[in-house]
Amino acid sequence: MKMLHLATVLLTLSGVFTQNRDWGVKYPDKLICAVRRFSISIPCYYSYPQNHQVKQKLWCSRKSNIDKCEAPPYVYNSSLNTKSDFKFTGDDKSDCTLLIHNVQFSYSGVYKFRFGTNVTGGRWTGEPGATLQVTDLKVSLIRLSGNGTLKQGDSLNLTCDVSCTHTSSQFVWSKNNQSLYTSGPVLHFPALTLRDSGNYTCTWGTGETSGSETISLHVVDDTENPERWLMWVIVGVTSGVIVVITGAVIHKRRSVHTEQKNKDDSGTYNNVQKDEDDSAIYTNVQKDEDDSANYTNVQKDEDDSAIYTNVQKDEDDSAIYTNVQKDEDDSAIYANV
């Protein structure tokens, strides 16, 4: 009896050990990075005794790996037909992969898979779980030369940055949806040209997830430089003001002269001064009704030295000449004729 009892105990322990070796869940052994607003896949594989059938599949998310996920809440429950960002893409045999759409920062945490079989007490939670960290993918522009608007000849780097690191991270660059033959987190521009303008996209990916971010570059020619354009506007406005002021001064000088005309077309002209190209000055000139003229105090240009004073024409066309002096090259002087 003692030998039979001992054999039964050993057989029971052997069964327990076999059961523990058959149950298990395997997760990625490293941190899983996910880019916000993109999708992430958590690979998962599980095993159980061959005489069991899987009836329920559960995924839970916790802030630490202490919880055994034996109670709700669950991000996925095969017993409930609900729609969410969490989707089970595995099967009832060995694949327990979880796909998460539209990842948010709040989704960071420890994920564990728990399943139940048709055997009473046949439930299992995989330890220690998979750790997910959600981050943003950022594309930064770092100026190496130049400032302000991007101009030809400026130097810069485009840097693709993810806060959590992963050994299998890959970076792929494209311009206007066309792949570039370069890789790595940094895209270098030693001297910009107009052809470098466009939309640049950095795509970051691992075996479980991927994400992308786009930045736009607009390189301008020197003639399109807003600072230079503003300078020319200032010069143009200043020149215009100078022209207006000069025109106003000239108009004011010309307005000094006044002119008044009589009703009978006879005119009286007072204080009339001619331009510098005509040096003659006419003062106090009045026309008579019989078209005879009185000329008083009339002085001619320096190139004609004759001075005529008090000259009056008679009705019979006879002339009286008074105080007439001839140029120095004609010595004759006529007076009181």
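# A guided tour of strand β9 and its surroundings

Tutor: Let's start with one residue: Lys-112 is buried, with a relative accessible area of 1%. Keep in mind that we are looking at a predicted model.

Student: Glad to begin there! In which strand does Lys-112 lie?

Tutor: Lys-112 belongs to strand β9, which covers residues 109-117. The strand as a whole fits that picture: nine of the nine residues of β9 are buried, so this strand is largely enclosed by the rest of the structure.

Student: Which side chain does Lys-112 make a polar contact with?

Tutor: Side chains of opposite charge can pair when their charged atoms come close. Here, the side chain of Lys-112 makes a polar contact with that of Glu-127, at 2.8 Å. The two residues also form a salt bridge, with 2.8 Å between the closest N and O atoms. This pair links distant parts of the chain, 15 residues apart: Glu-127 sits in the loop between β10 (123-125) and β11, while Lys-112 is in strand β9.

Student: Is Glu-127 buried or partly exposed?

Tutor: Glu-127 is partly exposed, with a relative accessible area of 32%, whereas Lys-112 is buried at 1%. There is a further member to look for, too: Lys-68, Lys-112 and Glu-127 are linked in a network of salt bridges.

Student: How many salt bridges does the count come to?

Tutor: The count is seven. One of them joins Arg-36 and Asp-136, whose closest N and O atoms are 2.9 Å apart. Find Arg-36 in the loop between β2 (32-35) and β3 (40-42), and Asp-136 in the loop between β11 (130-135) and β12 (137-143); the pair links distant parts of the chain, 100 residues apart. Asp-136 counts as partly exposed, at 22% relative accessibility.

Student: Which residue meets Asp-154 in a salt bridge?

Tutor: That is Arg-143, with 3.1 Å from N to O. Asp-154 is in the loop between β12 and β13 (156-162), and Arg-143 is in strand β12, eleven residues away in sequence. Asp-154 is buried, with a relative accessible area of 8%, while Arg-143 is partly exposed at 26%.

Student: Let's go back to β9. Which strands are joined to it by bridges?

Tutor: To read a sheet, follow each strand to its partners. Eight bridges join β9 to β5, and the two run antiparallel. As an example, Arg-62 has Val-110 as its bridge partner in β9. Three bridges join β9 to β11, again antiparallel, and there Val-110 is partnered with Thr-131. Three bridges also join β9 to β10, antiparallel as well, with Gly-116 facing Arg-123 as bridge partner.

Student: What is there to notice in the hairpin of β9 and β10?

Tutor: Five residues lie between the strands of that hairpin, and Gly-121 takes a positive phi near 75°.

Student: Now the nonpolar residues. Which members of the largest nonpolar core touch the most other members?

Tutor: When you meet a core, look for its best-connected residues. In the largest one, with 26 residues, Trp-59, Ile-100, Tyr-111 and Phe-113 touch the most other members. Several strands, among them β5, β9 and β11, each supply at least two residues of this core. Leaving out residues up to four places away in sequence, Ile-100 touches residues including Phe-38, Ile-40, Phe-86, Tyr-111 and Leu-132. Apart from this core lies another, of 21 residues, including Val-35, Cys-160, Val-162 and Ile-215.

Student: Which residues is Lys-138 in contact with?

Tutor: Lys-138 is in strand β12. Setting aside neighbours within four places in sequence, Lys-138 is in contact with Thr-159, Cys-160 and Asp-161. Lys-138 and Cys-202 are 64 residues apart in sequence but 8.8 Å apart in space, C-alpha to C-alpha.

Student: In what order do the four strands of the open sheet come?

Tutor: The order is β15-β14-β17-β18, with antiparallel pairing. β15 (178-183) and β18 (210-217) stand at the edges with a single partner strand each, so one side of each has no neighbour in the sheet. On average, neighbouring strands of this sheet are turned by 25° against each other, direction ignored.

Student: How many bridges join β14 to β17?

Tutor: Six bridges join β14 (residues 170-175) to β17 (residues 198-205), and the two run antiparallel. To find one yourself, go to Ser-174: its bridge partner in β17 is Thr-201.

Key:
Residues numbered from 1 in each chain as written. Predicted model: local features only at pLDDT ≥ 70, side-chain atom pairs only at ≥ 80, totals over all residues. Heavy atoms only, no water. Buried < 20%, exposed > 50% of the residue type's maximum accessible area, 1.4 Å probe, protein only. Polar contact = N/O pair within 3.5 Å; in protein donor to acceptor, adjacent residues only side chain to side chain. Salt bridge = Lys/Arg side-chain N within 4 Å of Asp/Glu carboxyl O. Core = buried A, V, L, I, M, F, W, Y, C linked by side-chain atoms within 4.5 Å. Contact = heavy atoms within 4.5 Å. Pairing = 2+ DSSP bridges. Axes fitted to C-alpha atoms, helices over the stretch in contact; angles between N-to-C directions.
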